[in-house]
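Student: I have a new structure to look at. Can you take me through the reasons behind the labels?

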Amino acid sequence: MKKEVPKWNTEMKEISPGIYAYIQATGGWFINNAGLIVGKKDAIIVDSLANAKRAKSFIGEIKRVTDKPFSYLINTHHHTDHTWTNHLFQAKTICHTRCREETVKEMKIDPELYLGIFPGLDVTGAKVTPQDITFEKNLTIYQEVEDGMREIRLIYAGPAHTVSDVFVYLPEEKVLFCGDLLFAEPCTPFALMGSISGYIRALDLLADLDADIYVPGHGPLSRREEIYKAREYLVFVRDEARKRFKEGVNAYDAAKSIDLGVYKGWNERERIVGNFERAYSEFRGELPGADLPDLLDIVMRMMEYRGEMKGQS
Ligand SMILES: [Zn+2]
């Protein structure tokens, strides 16, 4: 029997006084979540969105809850769904050094080119804008609030989902904006541009923090339990891929042949193709997050798998 896939709505939700998660349904390709942290004098944004329409909806929701000017926009990593509308927020942008490097590389790619792989994707208003401020390891922003200063910690945790992942931790409020370090069930984690082992370690780090609310990069608002579930998926990927790698089966055939078990009911399950390729790279002894020369081919095969899976569920 087919497992019921949980559904959620696009909404702005106050998760702690002055702190909001902007959660987008359905959490699929390019449909990411974002955040808003409102202080006494300013508002800080976590991640932009993939196109002008979505950014305007998010800004509309922000205007309903605050009229404070934006000071900073934090990019949790370089993926374009989180960065393509940076220019629509009047704020200084902050990210990890690697994130800016990847963003600069992305400037050579016209957003329209993505339509060849993701037909139907709306890239209206999408533009690559390199960030203003970078940091190497950690950075803390102190934001003035009514009763003192709020601590907003930006912590580098890559290579994991990509080489540039940062999470945003508010220790006092016990809130974590995870970026794509967390794809919450039923969204499938994606490690093609990062590291399977690094991703597992990053999730361990997130689970060890004193936090009550985890805002995933994709998927519904979460608790620690979703961190464990995403971790279990990655361990499954690592272990299954290793077996096939030792047998000499190529990554694509291996990904196509395995039984996804409980993960068959998750969304974007074609990511198994990219995740296996990344696992194989690690088994070959390549560095975490090393460039894969055939990245575009892998993405094409992943979408081919998606097409083949359609109608089989
Ligand atoms: Zn991402």
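**Helices and sheets, label by label**

Tutor: H4 crosses H5 with a left-handed sense. Keep in mind that this is a predicted model.

Student: What makes that crossing left-handed?

Tutor: The near helix must be turned anticlockwise from the far one by less than a right angle. H4 passes H5 in that way, so the crossing is left-handed.

Student: Why is H4 called roughly antiparallel to H5?

Tutor: Take the angle. The axes of H4 (residues 196-208) and H5 (residues 224-247) cross at roughly 160° and come within 10 Å. Angles over 145 degrees count as roughly antiparallel. Therefore H4 is roughly antiparallel to H5.

Student: Which residues make the contact?

Tutor: H4 gives Ile196, Tyr199, Ile200, Leu203, Leu206 and Ala207. From H5 come several, including Ile227, Tyr228, Leu234 and Val235. Residues are in contact if their C-beta atoms, placed from the backbone, lie within 7 Å.

Student: How do the contact residues of H4 with H5 divide into nonpolar, polar and charged?

Tutor: There are 12 nonpolar, no polar and three charged. Arg counts as charged, and H5 brings Arg224, Arg231 and Arg238 to the contact.

Student: Now the sheets. What makes S8 and S12 edge strands?

Tutor: Each pairs on one side only. The open sheet has five strands in the order S8-S9-S10-S11-S12. S8 covers 138-145 and S12 covers 213-218. The twist averages 25° from one strand to the next.

Student: How do you know that S9 and S10 pair?

Tutor: Pairing needs at least two bridges. S9 (residues 148-156) and S10 (residues 166-170) have four, in the antiparallel sense. So they pair. Leu154 has Val168 in S10 as its bridge partner.

Student: Which strands does H4 lie across?

Tutor: H4 lies across S10 and S11 (175-183), and runs at about 160° to S11. That angle is over 145, so H4 is roughly antiparallel to S11.

Student: What is the order of the sheet of seven strands?

Tutor: The order is S1-S2-S3-S4-S5-S6-S7, in an open sheet with mixed pairing. S1 (11-16) and S7 (133-135) are its edge strands.

Student: What makes S4 and S5 a pair?

Tutor: The test is again at least two bridges. S4 (residues 43-46) and S5 (residues 70-74) have three, in the parallel sense, so they pass. Ile45 stands opposite Leu73 in S5.

Student: At what angle does H3 run to S6?

Tutor: H3 (residues 97-106) lies across S6 (92-96) and S7, at about 110° to S6. Angles of 65 to 115 count as roughly perpendicular. So H3 is roughly perpendicular to S6.

Conventions. Residues numbered from 1 in each chain as written. Predicted model: local features only at pLDDT ≥ 70, side-chain atom pairs only at ≥ 80, totals over all residues. Axes fitted to C-alpha atoms, helices over the stretch in contact; angles between N-to-C directions. Helix = DSSP H or I, 4+ residues; strand = E, 2+ residues; numbered from the N terminus. Parallel < 35°, antiparallel > 145°, perpendicular 65-115°, else oblique. Contact = placed C-beta atoms within 7 Å.
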